[in-house]
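Colleague: Hi! Could you walk me through this one? I have a few quick questions.

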Amino acid sequence: MGLLTILKKMKQKEKEVRILMLGLDNAGKTTILKKFNGEDIDTISPTLGFNIKTLEHRGFKLNIWDVGGQKSLRSYWRNYFESTDALIWVVDSADRMRLNDCKKELHSLLVEERLAGATLLVFANKQDLPGSLPAREIREALDLDSIKTHHWLIQDCSAVTGENLLNGMDWVVSDIASRIFTMG
Amino acid sequence: MWETRYILLVWLSIVCLIPFDLKRLDSNLRQGDGHFKARIMDRIMAVCKTYLLVPDKSRDATAYLTSKFLIRHDVKQELLPQALEWMLQVLKDADYTTGIGCTHMCGVLAALALLFKHGKREDLLQYAPVVLRVTLDAKLEECDSCVIRKLVGKLIQRLGLTFLKFRVAAWRYQRGSRSLVVNLGAGAASVTLGAGSNTIQAVDEDDEIEVPDEIEEIIEHMLVYLKDKETIVRWTSAKGIGRVTGQLPRELADDVVGSVLELFSYQESDGAWHGGCLALAELGRRGLLLPERLKDVVPVIVKALSYDEKRGNFSVGAHVRDAACYVCWAFARAYEPKEMVPYVDQIASCLIIASVFDREVNVRRAAAAAFQENVGRQGTFPHGIDILTTVDYFAVGNRARCYLELSVFVANFKDYTHSVIDHLADVKIAHWDSTVRELSAKALHRLTPCDPEYMASTVLPKLLPLSAGSDLFLRHGAILGIAEIIHALYSIAQSKDMPLEKLLSSEIIEGIQSISSKLHEEKMFKRHGGEFMRTSVCCLIEKCSLSKLPFHGKPVIDLWQSVIDECLTHIETDIQAAAVSAIPAFFSEYYIKPDGSVIKEKQDAILSTYLHELKSSNQATRQGHSLALGAFPKAMLEGNLSKVMSGLITVATITERDEKMAEARRDAIKALSSVCMTVSVETNGDPDRVVCKDNVKVIYEALLQAMKDYTLDSRGDIGAWTREASMQALHDISSLIVKVDSSLLPPNICKQVFCSLVQQALEKIDRTRCLAGILFTKLLYHRPPLPYIPHEQEVKAILPESAVFGTNFSAESDTYPLFSKLLALPEYAYSVLLGLVVSVGGITESIVSTVSCGQCWGHH
C-alpha cells in the first residue's frame, strides 16, 4: 500500500471533492469564492494568482480551486493526489459582447480528457445588474443543450447578494455524490 | 465456497440491526426430540465463534457481524461478558508462530477492534483494561505477521479512545469558518439546509480531563508501531496517534508531538522516518500540531525531503521523501498563511528541488503537487504560479527534462538560483545512481550561465578537493561536474570575447591539471570503481580540450594520453566510447599546432601504436582502436590515410582465426566510414590524404565483402551487425561521393550496392531488413542522384517515392511483397532469390509463411 492508495482512501472516507472554478476574466469567480468563504468582497482586483479554499457542505469537503487569469490550465487539471470532480463555469450575464467568446472557451474546455465526466455548473452571475440576461438566454447563447458528455446545470445567481449561490452548490454536491459516493 | 458464507454473514449482520428483542423470534415449540430449539441469540453467537476462526475471507465478515451483534441492546447484557472472555481466551491460547494461531488471532483481534470502534464507551469502558492487558501481554509487536500487528494497532487506539471521554480539543488549531452554509448565511435565505456540520461544543477547561494511566502505555505502543517495517502498520498507527491525541489535554498532546519528533534521528530506521512523517501530517491535518511547534517540525521535514540512505549500490528513502511531501501538502491546508510565512522560503526551495531533482517520479510528482497546494492556499511562495504552471505533473514525469530544462527555468528566478546549484553540487553529484550523477553534471553545465561568477568562485573550489576524495561516487560526480562547468564557463567567456582566465583563477586551473595525476598516484584507476574514474577523466579530457585549457606540452597531456589508451583496450564499450569521444577534441587541441599542422612525433607514435593494436588477438582492443582511428581529426590522418584504411580493412575482413569477432568487424567498418567522412573527397587527390579515384575501389570492395558476413554463434546471426554497419557505410560514403563527383562510382559498384541492399531488405531479422529498406529507398531517391541504378524506372514504379515513407520496413508483411516484385528484373533476380532463400530457411513462423505464400513467388 503506497501513499497514493492511502490518499485515495482518505478522499473516499472524508468525502473530499475537487472543484475547478473557471470562466472569462471579470466574470466574478473570486467574488463568488470570497462570498463562499465569508470574506469581505469590497476589494477585489483581477486574480493574478490562484486560490484554493476548503469548505464543508452537507458532510462533504469541497476544495474549490480558483485559477482565474492563468494562461495554461493544464497544470491544474490533475496532480498526484486528486482529479477534478466538478467545474464551475462563471458567466458575466451582463456582458453580452463576449458571450460568444465565452461559449467557445467553455466548449473547448469540455473536450479535455482530464475533465471527462466532471459535473458542470454554469453560474449566470451578476443577476443584480440591470440589463443582465436571464439564465434561459445564457443557456441558448452558450449552446448548453448540445453538451452530452457532462451532467450540467445553469443557475442564475448574484455573487454580490449571494442569491442562489447555495442552490447551485447543492446541485453540484448531490450530482457528484450520486456519481462517486453512491456507497457513502 | 467462501463467497456464499461471506454474503450470508454480511446478511446476518444486517439482520442484527432489527430494533426489537431477538427473544421474540425464538420458537417456544418443542422439537421432535423434545427439546426447545436453541435461541436465535445463541445460534448467532455460535456462528460467530465458528467463523471467526476460519482462515478464509468470511472471517472479515464475521468480525464485522460479531461487533454489530455484541453491541445490540439485548445481547450486550446477556452475552458480551462471556463472548469477551472467550475471545481473550483464544488470544491467550493462540501461538502466533503457527499458521493456525495466526488465523485465530486475526479473527479475534479484528472483531475486538471493530467492537471497540462501534460500541458505546459506557458499555465497554469496564472491559477495556483487561482487553488491553491481554493484548499487550501477548507481545504481538514481535509477531511476523503484519496483519496481526496492524490489527493490534487498530485495537489499542480504539481502547485508547475508550479510556478518554469524547471531546473536541479546545486547544486545536482552526483556520477560519469553513461551513458554506454559515458563510452564506447572511445573504442566502436557505440557512435551514445546514445539517451535519460539526456542532459539538468544545470543552474549555483542560484540567477537567482525566487521563488514565493506560493512555501512556497505549501511546508508547503506538509509537513502536509507527516505526514498524510495514507501511500498513505505520499508517494505522499514524491515524491512531492523530485520533488519540485529539482527545488529550494540550500538555500531554504536546508530549506526543515531541515523541514523534524524536523519531527523526539518523539512528532510527527508514520506517521510523516514514511513520513519523505520516504522524506529523495526521496531526497537522487535525489541527493538533500547534503553530508554535512549526519551528521544530519544519527543519525535520526539510531533512526528510532529502532522506536517502545508502545501502550498498542502492538506497532507501523514496517513501520517506514521498511522505514528507504529504506533510507539506497537509500543512498547506492546515495553517493560515501568516503562520507559515517564516518557513515559506525554506519549504519552497526544498519542494522545488524535490520536484525537479528527485530520482523517483512519484516523489517528483508528490513534491510538485505539494508545491501547487502551497501556492494555492498560502499564496506567499515566491514566483509560485510561474513555477507551478511549468513544473507540473506532466513536466516532471521525464527525469532528463527535469534536470536539463526545468532546472534552468527554476534557477533563472534569483530566489532559487543558489539553492538549486548548491543542491546539485553538494548532494546529487554524489548520488549512488551514476545516471543521476551524470545528469547533475550536465545540469550544472546548463546552470552555469545563471551565475558564472558563483560557479567559478564557489562551486569549483568546493568540487576540486572532492575529485580525489575517498568516496567513489563523489569523486566520479565531482570530476564530471568540474568538466561540465569548465566547458560552460569557456563558452561564456567566448561569447563575451574574453579569455577564460578572466573567469578562472590560476589555482583552479592548476587544480584541474593535477586531478589526473592525483588519481594516478592513488592508483584510483586500478582500484575498485576504476571504470567510473576512467569515464569521468575521459569526460574531463574532452571538456578541458574543448575549453582550450593551457596545458600544451605539459606532463598532464602524456598522462591523459595513457588514460585514453588504457580505456581503448577496456572490455566495457561505455568506457571505450568515453575515450573515443574525447579523442577528436583532445588531439585537435594538444597535438595540432595553431597553424593547423600536426606535431609529427606525436602523430607517428600514436598511429604506429594504434595500427599495431588493430592486430591484437583481443577483440575489445581491436574495437577500441578501430573506433579511435575513426574519431581522428583530419590533421592526424594527413599523409597516413592509406595505412589507416588498410589497417581497418584488415580488421573488417574475416579470417579463419578471428571468425567470431563480428563486433570488431562492425566497428572497423564504422571507423572506415567515419574516416572517409573526416577526410572527404577529392577526385584526383592523394590517396594518403583524401578519398579519391585511387582508393574508392578498395573501400567499396571491403564494404561489399562485409555484406557477405553471415557469421553465426550462440547469439545467432552476429554477422548481421557487420552487414548493418556496412549498409550504413555504403549509404553514407556514396552520398558523400556523389555530392563531389559521381563519376567516381562506376556502374558495377552501384549495381552491387543496390543488389546487396535488396538482398538485405529480404532478410529474416526485422532490424536488418528495416535498415536495408530505408537505405535502399534513400539511395534510390538520393539528391544528387547516383550515377547508375539498375532498372531505375521499373524500381521507381514498384517503390514510388510517395509510398516509400509510409511503409513499415520492419513488418515482414509490408516489405516482402514489395521487394519480391524485383525478382522480375534480371539484375536483381539473383539477390532477391538469395534473400528469400535465406529467409525461408529461417525459424520465425510469420516470416516463413509470408515468404512462402503465393504473393512472393506465384506470379513470376
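Colleague: How far apart are the mean positions of the positive and negative charges of chain B?
Modeller: They are 3 Å apart, taken over 94 positive and 105 negative charges. Lys and Arg count as positive, Asp and Glu as negative, with His and the chain ends not counted; each charge is placed at NZ of Lys, CZ of Arg, CG of Asp or CD of Glu. This is a predicted model, where local features need pLDDT of at least 70, side-chain atom pairs count only at pLDDT 80 or more, and totals for chains, interfaces and linings use all residues. Residues are numbered from 1 along each chain as its sequence is written, chains are lettered from A and ligands numbered from 1 in the order written, and side-chain values use heavy atoms, leaving out hydrogens and water.
Colleague: Thanks! What share of chain B counts as buried?
Modeller: Of its 860 residues, 55% are buried, meaning under 20% relative accessible area with a 1.4 Å probe, protein chains only; exposed is over 50%, and partly exposed lies in between.
Colleague: New topic: which residues that are not glycine have a positive phi?
Modeller: A:Arg58 has one of about 50°, and B:Asp497 one of about 60°. Most residues other than glycine have a negative phi.
Colleague: Is B:Asp497 buried or exposed?
Modeller: B:Asp497 is exposed, at 74% relative accessible area, whereas A:Arg58 is partly exposed at 36%.
Colleague: And which peptide bond is cis?
Modeller: The one from B:Arg783 to B:Pro784, with omega near -15°.
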